[in-house]
Amino acid sequence: MARQFFVGGNFKMNGTIKSIQDIIKNLNDAKLDPKTEVVIAPPALYLLTAREALRQGIEVAAQNVFDKPNGAFTGEISAEQLKDSGVTWTLTGHSERRVILAEGDEFIARKTKAALDGGLGVILCVGETLEQREANKTIEIVTKQLKAVAEQTKDWTKIVVAYEPVWAIGTGKVASTEQAQEVHAEIRKWLSSTISKEASDNTRIIYGGSVSEKNCRDLAQQADIDGFLVGGASLKPAFVDIINAKA
């Protein structure tokens, strides 16, 4: 069975009630490819606003989740609280949290497991820095990040892997279609050898890193690119063009 194309919009720490309502109105009114699964991740403060305003068929993701169900963890949100609020997805492992907040592979893996156990789908972000790429360590780094999650769970049915080369996030630099496809193919190979053939065949591997309406169609044609995790462009009307990259 063909993997369903998946496009996520990560708003990061951007937006106001008004601007997010405008983005949602644009999505609600747009003609979106019905074959593409669409998820948006506004800042936590606006998750309920987004869920209440979005039309059926577009889901909402948190940008972060904690690895405990409840307790004295100031500033954190649990998978159970997200599920209770109608939020069905969360990001884990985004490079901005790995780098700026020093989240390690094991912590990210525990958060991923907690989200899955709490009934959420997970957009699991992996990727290498420019230094790591130049040292030919891309596959080593990416598979190390994935391995930490594999040690926590063997069920990848609700995981979407987002390959985001750190050097391409928000920089305007984009991995070439060949570079992106090569890493996606290696991730799929790793899934086959480490998890299962079924996980390799069915897990969606999406690309992130300065995706725009200009480069999305070429990327979408690659055999192992099953969609996108979009940053800055998800705040713009052109997000609709990216969602419709396969249409």
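**Backbone, core and surface features of the predicted model**

Asn-136 is exposed, since its relative accessible area is 73%, and this value, like the others below, comes from a predicted model. Asn-136 is placed in the loop that runs between helix H6 (130-134) and H7. Its phi is positive, at about 60 degrees, although Asn-136 is not a glycine. Most residues other than glycine have a negative phi. A positive phi, of about 55 degrees, is also found at Ala-102, again not a glycine. Ala-102 belongs to the loop between H4 and helix H5 (105-117). With a relative accessibility of 64%, Ala-102 counts as exposed, because the cut-off for that class is over 50%.

Helix H7 covers residues 138-150 and contains Ile-141. In contrast to the loop residue Asn-136, which is exposed, Ile-141 counts as buried, its relative accessibility being 15%. Beyond the neighbours within four places in sequence, the contacts of Ile-141 are with Gly-127, Glu-128 and Gln-132. For one of these residues, Glu-128, the C-alpha to C-alpha distance to Ile-141 is 6.3 Å, at a sequence separation of 13 residues.

Helix H4 (residues 95-100) includes Val-99. Val-99 has 58% relative accessibility and therefore counts as exposed. Together with Ile-100 and Leu-101, Val-99 makes a nonpolar surface patch of about 330 Å². The residue numbered next after Leu-101 is Ala-102, described above as exposed at 64% relative accessibility.

The interior was examined next. The largest nonpolar core holds 64 residues, and the members that touch the most others are Leu-27, Leu-124, Leu-146, Trp-156, Ile-187, Tyr-207 and Phe-228. Apart from neighbours within four places in sequence, Tyr-207 is in contact with Tyr-163, Pro-165, Ala-168, Val-174, Ala-175, Ala-180, His-184, Leu-219, Ile-225, Gly-227, Phe-228 and Leu-229. Separate from this set is a second core of 12 residues, among them Val-39, Ile-123, Val-160 and Ile-206.

Val-39, a member of the second core, stands opposite Gly-8 where it lies in E2. Strand E1 (residues 6-10) pairs with E2 in the parallel sense, and five bridges connect the two strands. E1 is largely enclosed by the rest of the structure because five of its five residues are buried. On one side of E1 the buried residues are Phe-6, Gly-8 and Asn-10, and on the other they are Val-7 and Gly-9, so that both faces are covered. Strand E2 (residues 37-41) is mostly covered, with five of five residues buried. Both faces of E2 are covered as well: Glu-37, Val-39 and Ala-41 are buried on one side, and Val-38 and Ile-40 are buried on the other.

Charged pairs were then considered. Side chains of opposite charge can pair when their charged atoms come close. The search of the whole structure gives 20 salt bridges. One of them joins the side chains of Lys-25 and Asp-29, with an N to O distance of 2.6 Å. Both residues lie in helix H1 (residues 17-29), where a spacing of four residues sets them about one turn of the helix apart. Lys-25 is exposed, with a relative accessible area of 52%, and Asp-29 is exposed as well, with 55%.

A salt bridge is also found between the side chains of Lys-197 and Asp-201, at 2.7 Å from N to O. Lys-197 and Asp-201 are separated by about one helical turn because they are four residues apart in helix H9 (residues 197-202). Lys-197 is exposed, its relative accessible area being 55%, whereas Asp-201, at 32% relative accessibility, counts as partly exposed. Elsewhere, Arg-3, Arg-188, Asp-224 and Asp-226 are joined into one network by salt bridges that share partners.

The pair formed by Glu-103 and Lys-111 has a different setting, as both residues are buried. Their side chains meet in a salt bridge with an N to O distance of 3.0 Å.

Terms used: Residues are numbered from 1 along each chain as its sequence is written. This is a predicted model: local features need pLDDT of at least 70, side-chain atom pairs count only at pLDDT 80 or more; totals for chains, interfaces and linings use all residues. Side-chain values use heavy atoms; hydrogens and water are left out. Patches are made of residues with over 30% relative accessible area and no salt bridge: like charges are joined within 9 Å, nonpolar side chains (Val, Leu, Ile, Met, Phe, Trp, Tyr) within 5 Å. Accessible areas come from the Shrake-Rupley method with a 1.4 Å probe; for residues, only the protein chains shown count as cover. A salt bridge is a side-chain nitrogen of Lys or Arg within 4 Å of a carboxyl oxygen of Asp or Glu. Buried means under 20% relative accessible area, exposed over 50%, partly exposed in between (1.4 Å probe, protein chains only). A nonpolar core is a set of buried Ala, Val, Leu, Ile, Met, Phe, Trp, Tyr and Cys residues joined through side-chain atoms within 4.5 Å. Contact means heavy atoms within 4.5 Å. Two strands pair if DSSP finds at least two bridges between them.
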